Amino acid sequence: MLLAIGAVVLGLLLLVWSADRFVDGAAATAGHLGLPSLLIGILVIGFGTSAPEMMVSVLAAWQGNPGLALGNAYGSNITNIGLILGLVALLSPLTVHSQVIRQELPLLGGATLISGWLLLDAQVSRLDGVVLLVLLVLVMGFSIWRARGGATDALGVSAEASLAEHPMTLRAGILWTVVGLMVLIVSSRLLVWGAVQIAQAFGVSDLVIGLTVVAVGTSLPELASSISALRKNEHDLVLGNVVGSNLFNSLAVVGLAGAITPIDAEAAVILRDWPVVAVLTLAVLVFGIGWRGRQGRINRFEGGALLLVYLAYNAYLISSEMV
């Protein structure tokens with residue numbers, strides 16, 4: 001048991017470190033290759049922070065623990081909105097200036113609805129996984145087309161400022177991208193092994209472990225980057241990280257895991273976990289887009305409400321496992 005706990009702790013620490021190196025290296029490399037800063041903000045920084053979720057879920061599915069893969073994806077979405085956005089908005093209200101984020105929020109809502117619809121037969125089949133991956137390609141293609149349009153957006157400005165703060169040569173960018181990716185793989189294997197051992201020892205399902213411990217651990221890069229962006233008053237980068245990460249989790253993480261091996265979804269996923277994801281996503285969509293002339297923002301009251309939902313959900317998970 002101590003070995004399993006040590007593997008989880010070490011895996012989480014290495015996961016956070018390697019994800020940070022991977023995103024920084026990939027962003028710097030993309031900048032040297034001439035990619036628009038808006039595209040870097042959307043794809044590299046936004047989607048790149050989901051690299052831990054992708055690695056953990058793919059390895060979990062590959063090793064025969066699909067419940068852990070599904071729990072990690074949905075649990076990370078809940079953590080990103082409830083814990084990260086809720087906590088950050090409590091520290092400082094977030095104002096949305098980016099038109100790109102306002103356009104991505106409905107895409108996230110649509111991806112959430114589609115993923116829920118695919119769960120109705122209590123399984124994420126290989127065909128379902130392929131459908132989600134095709135949708136991901138379409139979303140990425142749309143993002144690339146929009147970013148290459150040359151329009152200035154607040155998210156692109158924030159990404160450019162973030163790149164300027166930590167300059168890297170092309171060689172260093174490639175090196176850190178490769179090193180970060182390799183350590184990501186190793187740390188993910190450690191984390192999955194330790195999490196499965198702990199789940200088996202305590203009689204807790206892989207799904208619940210994925211929804212709680214693993215989800216929080218793989219969301220730590222988003223938390224770190226969000227707090228860093230908040231300190232620099234880059235509100236759009238905070239929300240862009242979360243929206244991009246959740247979109248990637250819903251399409252790529254679940255899609256890849258399902259394409260590797262069909263995932264039997266427990267009834268709890270459909271009746272308990274997906275509805276929480278949907279409610280939190282709808283709340284962020286309403287807050288972020290704004291209505292009746294109200295600018296998109298998440299104030300402290302709304303952030304507190306998101307955090308309260310997250311805490312109540314996790315309290316229910318823990319209490320239900322103790323019965």
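Which helix holds Val16? Val16 lies in helix 1, which covers residues 2-32. The legends below describe this and other sites in a predicted model.

**Figure 1. Overview of the predicted protein model.** The chain folds into 13 helices and 4 strands. Of its 323 residues, 54% count as buried. Among contacts with a separation of 6 or more, 88% join residues that stand 24 or more positions apart. The protein exposes about 13500 Å², and carbon and sulfur atoms supply 71% of that area.

**Figure 2. Surroundings of Val16 in helix 1.** Val16 has a relative accessible area of 25%, so this residue is classed as partly exposed. Once neighbours within four places in sequence are left aside, Val16 is in contact with Gly217, Leu220 and Pro221. Leu184 is 168 residues from Val16 in sequence, yet their C-alpha atoms are 8.6 Å apart in space.

**Figure 3. Packing of helix 4 against helix 12.** Two packed helices are described by the angle between their axes and the distance between the axes. Here helix 4 (residues 66-91) and helix 12 (residues 267-289) meet at an angle of about 35 degrees, and their axes are 10 Å apart. The crossing of helix 4 past helix 12 is left-handed. On the helix 4 side, the contact is made by Leu70, Tyr74, Asn77, Ile78, Ile81, Gly82 and Leu85. Helix 12 contributes Val269, Asp273, Trp274, Val276, Val277, Leu280, Thr281 and Val284. Sorted by class, the residues of this contact are 11 nonpolar, 3 polar and 1 charged. An α-helix has 3.6 residues a turn, so residues three or four places apart point the same way.

**Figure 4. Helix 3 and the glycine that follows.** Helix 3 runs over residues 51-62. Its 12 residues should span 16 Å at 1.5 Å a residue, and the end C-alpha atoms are 16 Å apart, which agrees. Helix 3 is mostly covered, with 9 of its 12 residues buried. The buried residues are Ala51, Pro52, Glu53, Met55, Val56, Ser57, Leu59, Ala60 and Ala61. Just after helix 3, Gly64 adopts a positive phi of about 85 degrees.

**Figure 5. Ala122 in the loop between helix 5 and strand 2.** The loop joins helix 5 (99-118) to strand 2 (123-124). Most residues other than glycine have a negative phi, and most peptide bonds are trans. Ala122 is not a glycine, but its phi is positive, near 65 degrees. Its relative accessibility is 32%, so Ala122 counts as partly exposed.

**Figure 6. Val309 in helix 13 and its separation from Leu280.** Helix 13 covers residues 300-322 and includes Val309. With a relative accessible area of 35%, Val309 is partly exposed. Val309 and Leu280 are 29 residues apart in sequence, and the distance from C-alpha to C-alpha is 8.2 Å. Leu280 is also one of the helix 12 residues in the contact with helix 4.

**Figure 7. Asp236 in helix 11 and its separation from His97.** Helix 11 spans residues 235-260, and Asp236 has its place there. Why does Asp236 count as buried? Its relative accessible area is 4%, and buried means under 20%. The C-alpha atoms of Asp236 and His97 are separated by 6.5 Å, although the two residues are 139 residues apart along the chain.

Terms used:
Residues numbered from 1 in each chain as written. Predicted model: local features only at pLDDT ≥ 70, side-chain atom pairs only at ≥ 80, totals over all residues. Heavy atoms only, no water. Helix = DSSP H or I, 4+ residues; strand = E, 2+ residues; numbered from the N terminus. Buried < 20%, exposed > 50% of the residue type's maximum accessible area, 1.4 Å probe, protein only. Contact = heavy atoms within 4.5 Å. Areas by Shrake-Rupley, 256 points an atom, 1.4 Å probe, with all protein chains shown as cover. Axes fitted to C-alpha atoms, helices over the stretch in contact; angles between N-to-C directions. Left-handed = near helix turned anticlockwise from the far one by under 90°. Nonpolar A, V, L, I, M, F, W, Y, C, P; charged D, E, K, R; others polar. Expected span 1.5 Å × (residues − 1).
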